[in-house]
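Visitor: I am new to this structure and would like a close look at a single part of it, taken slowly. Could you guide me through the empty space inside?

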Amino acid sequence: MAALWGAVIFSGFYHGVNPGMGWPLAVSAALFEHRTAALLSALVALAIGHLLAMTAILLPFTMMITLVQWEAEIRIGAGVLVITLGVYLLWNRRHPRFLARVKPSKLGLWSFLAALAHGAGLMLVPIYLGICAIADTDAGHAAAGVLMASNFNIALAVAASHTLAMTVAGGALAAGMYFWLGLKFLSKSWFNLDVVWALSLILVGVIAVLSAK
């Protein structure tokens, strides 16, 4: 259980470091407006959008996991879905065009859509299902209603703790760029994690499938 919650936090830091989750947009907003408050408000907007995306992905599984007899199949299916998305992102390197159509003033919406498009929420699903599996065992497979309520609370806790870790990591990078390094340094030192991101999705999916057997 401790290792799974550690994976939730680690994946949050990983998402926060990834430029694709939006922290460079927070730097740009603050430099454009010449206000530190703009940096903070942008990070809050990104965090809210990310949290909503994580919650939207995890909550449907709170109902599915009540089918205790299909628990292994659900975890395998989720793992295969994550692997499929990782393979797709390796094959198709283009960023979704609809993200470019979202105005910078709507960072919360952009963050929500970016997290869905990049599969950030799906990366959490196998970890979340693993936490639920242990919790279900400890509870002795309680009645469906109680089990669903418990898994609902776990989903919210996973989404919240993951988003907090993401915001801390992304906020630290954004603050460093804004206060010390600047946008010019960012444009010259931009790092692309697309391949690493896709491979990490595949890895998480493989681990989920193997651990469900």
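Visitor: Which helix gives the most to the lining of the largest cavity, and with how many residues?

Guide: Please keep in mind that this is a predicted model, and that what follows describes the model as it stands. Rolling a probe the size of a water molecule over the atoms shows where empty space is left. When the whole structure is searched, one cavity of 30 Å³ or more is found, and the largest cavity has a volume of about 70 Å³. The helix that gives the most to the lining of this cavity is H8, with four residues. Helix H8 runs over 144-188, and helix H1 (2-17) and helix H3 (36-64) are named beside it, since each of these three helices supplies at least two residues of the lining.

If you wish to find the cavity in the structure in front of you, look for the residues that line it, which are His 15, Gly 16, Met 21, Gly 22, Trp 23, Leu 43, Leu 46, Ala 47, Met 166, Thr 167, Gly 170 and Gly 171. Sorted by class, this lining has six nonpolar and six polar residues, and no charged residues.

It helps to set the second largest pocket beside the cavity. The second largest pocket has a volume of about 330 Å³, and of the 16 residues that line the pocket, the closest to its centre are Ala 7, Met 123, Ile 127, Val 204 and Ile 207. Helix H1 appears here again, for H1, helix H7 (120-138) and helix H9 (194-212) each supply at least two residues of the pocket lining. In this pocket the helix that gives the most is H9, with six residues. By class, the pocket lining divides into eleven nonpolar residues, four polar ones and one charged residue.

One more place belongs in this look, just before helix H3 begins. His 34 lies in the loop between helix H2 (23-33) and H3, and His 34 has a positive phi of about 55° although it is not a glycine. With a relative accessibility of 69%, His 34 counts as exposed, because exposed means over 50%.

Technical notes. Residues numbered from 1 in each chain as written. Predicted model: local features only at pLDDT ≥ 70, side-chain atom pairs only at ≥ 80, totals over all residues. Heavy atoms only, no water. 1 Å grid on protein atoms, 1.4 Å probe; cavity = no way out; pocket = protein on both sides within 12 Å on 5 of 7 lines; lining within 4 Å. Points joined across faces, edges and corners; volume = space filled by probe spheres on them. Nonpolar A, V, L, I, M, F, W, Y, C, P; charged D, E, K, R; others polar. Buried < 20%, exposed > 50% of the residue type's maximum accessible area, 1.4 Å probe, protein only.
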